[in-house]
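Me: I've got this model open and I'd like a close look at one part of it, the strands in the middle and the helices packed around them. Could you walk me through that part?

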Amino acid sequence: MYMKTIRKYNRGVGVLSLLVILAGVIIVVMAVKPASVCEQTLAYDVGSINPKFNITKEEIVGLLGGAENIWEEGMGMNLFQYQPDADFKINLVFDERQRKTIAERRAREFLEKGGNSYEAVTKKYKSLLSLHKAGLKQYNERVASYEERLNKYNKEVAYYNSKGGASKEKYKELENTRIGFKSEVAGLNKTLKELNTLNSRVNTLAKEINKVAGTYNTKVAQYNNVFGASVTFDQGEYTGSEINVYQFDKKSDLRLVLTHEFGHALNLDHVENPTSVMYYLMGKQDLNNPKLSSEDIFALKTECGIK
Ligand SMILES: [Zn+2]
């Protein structure tokens, strides 16, 4: 029993001194190069959320999980971790930027309605126009047929007049034809009147289209003037101890902003290639299925010292 205790004690001393030596080595290494972002997991929490963003904390946590995955799947590392009460906060700060985004969304929805009503009027115009065209074609065919028969009839009447008159039977036949012509002309005139009414409706619609198009084009020009500039990534900011988001439109939009700011939290700068998460502009990235570009991966690997 006694011997055993001594042996144990000796071994304990051995391990302890080894640990001290290792710790000394680590300290020396750390003094030369700080631990890389890839060697630690950044614990984050959702901080303050301005209610004007109209998004719940749960939704933000979900989007942060998505942003996390984009980096972690690309690298196979646990770089971020949601942890309630972590010091590193993600905040949604409401200011002029989001106010403008909301105004932009409203203007866009208004324009979409304008575009829809333009399309509806155009559709109606086209359908009435083709109705008028078909009706006119049919009418002209009827007129041509009528004129041909009228011509034949007149020739026949002239013939019998030159002979000094027709038989009673022939006269009755010609008279019936003449009466038939009378009602045919009345029918043709009725159709022509309907076609003219249709034509004036087509013309009214054409004017309406021009008016709607004019208003719509003016609104589009105004919209482009106010909101047309490219969206830069100043909608979010990594301060070193937190991430503030100032502006987003859709949730997929917010996820990309969070992913981008996570990239800055990984010590990354902007990279080239407009489809990169770390590109300075937002627009060419795939919002529905965001992925790291080879430039993003190269930047992080460089930061982590991985080849
Ligand atoms: Zn940036």
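Reply: Here is a walk through the strand pairings first, then the core and one of its helices.

Keep in mind that this is a predicted model, so a word on confidence comes first. The protein chain averages a pLDDT of 86, and 87% of the residues score at least 70. Confidence is highest in S3, at 97, and lowest in helix H1 (residues 2-32), at a mean of 39. Over residues 1-33 pLDDT stays under 50, and the model has one contact beyond four places in sequence for that stretch. I'll leave that end alone and start from S3.

For orientation, the protein chain has six helices and seven strands. From the N terminus on, they come in the order α-β-α-β-β-α-α-β-β-β-α-β-α.

Now the strands. S3 covers residues 88-92, and strand S1 (residues 42-49) pairs with it in the parallel sense over four bridges. If you want to click through that pairing, Asp 45 has Lys 89 in S3 as its bridge partner, and Ile 49 stands opposite Leu 92 in S3. S3 is also joined to strand S6 (residues 242-245), again by four bridges and running parallel. There, Ile 90 has Ile 243 in S6 as its bridge partner. So S3 is paired with S1 and with S6, going by the bridges DSSP finds.

S1 has another parallel partner too: three bridges join it to strand S2 (residues 80-82). In that pairing, Tyr 44 is matched with Tyr 82 in S2. To get from S1 to S2 the chain crosses through H2, and this β-α-β crossover is right-handed.

On to the packing. The largest nonpolar core has 31 residues, and Val 245, Leu 258, Phe 262 and Leu 266 are those with the most contacts inside it. Helix H2 (57-75), S3, S6, helix H5 (251-265) and helix H6 (294-304) are the elements that give it two or more residues each. Val 245 is a handy one to select. Leaving aside neighbours within four places in sequence, Val 245 is in contact with Leu 92 and Val 93, with Gln 235 and Gly 236, and with Leu 254, Val 257 and Leu 258. Leu 92 is the residue that Ile 49 stands opposite, so you can step from the S1 pairing to Val 245 by way of Leu 92.

H6 is worth a slower look. Asp 296, Ala 299 and Leu 300 are buried there. They sit on the same side of H6, because they cover an arc of only 90° around the axis. That fits the usual helix geometry: with 3.6 residues a turn, residues three or four places apart point the same way. On the other side of H6, Ser 294 and Thr 302 are exposed. What do the buried residues of H6 pack against? They pack against H2, the helix through which the chain crosses from S1 to S2. Just after H6, Gly 305 takes a positive phi of about 70°.

To put this part back into the whole: 15% of the 307 residues of the protein chain count as buried. Among contacts between residues at least 6 apart in sequence, 71% join residues at least 24 apart.

How values were computed. Residues are numbered from 1 along each chain as its sequence is written. This is a predicted model: local features need pLDDT of at least 70, side-chain atom pairs count only at pLDDT 80 or more; totals for chains, interfaces and linings use all residues. Two strands pair if DSSP finds at least two bridges between them. A nonpolar core is a set of buried Ala, Val, Leu, Ile, Met, Phe, Trp, Tyr and Cys residues joined through C-beta atoms within 7 Å. A residue is buried if 20 or more other C-beta atoms lie within 10 Å of its own, exposed if 12 or fewer, and partly exposed in between; C-beta atoms are placed from the backbone. Two residues are in contact if their C-beta atoms, placed from the backbone, lie within 7 Å. The arc is that of the directions from the helix axis to the C-beta atoms. A crossover is right-handed if, with the strands pointing away from the viewer, the path from the first strand over the helix to the second runs clockwise. pLDDT is the predictor's confidence in each residue, from 0 to 100.
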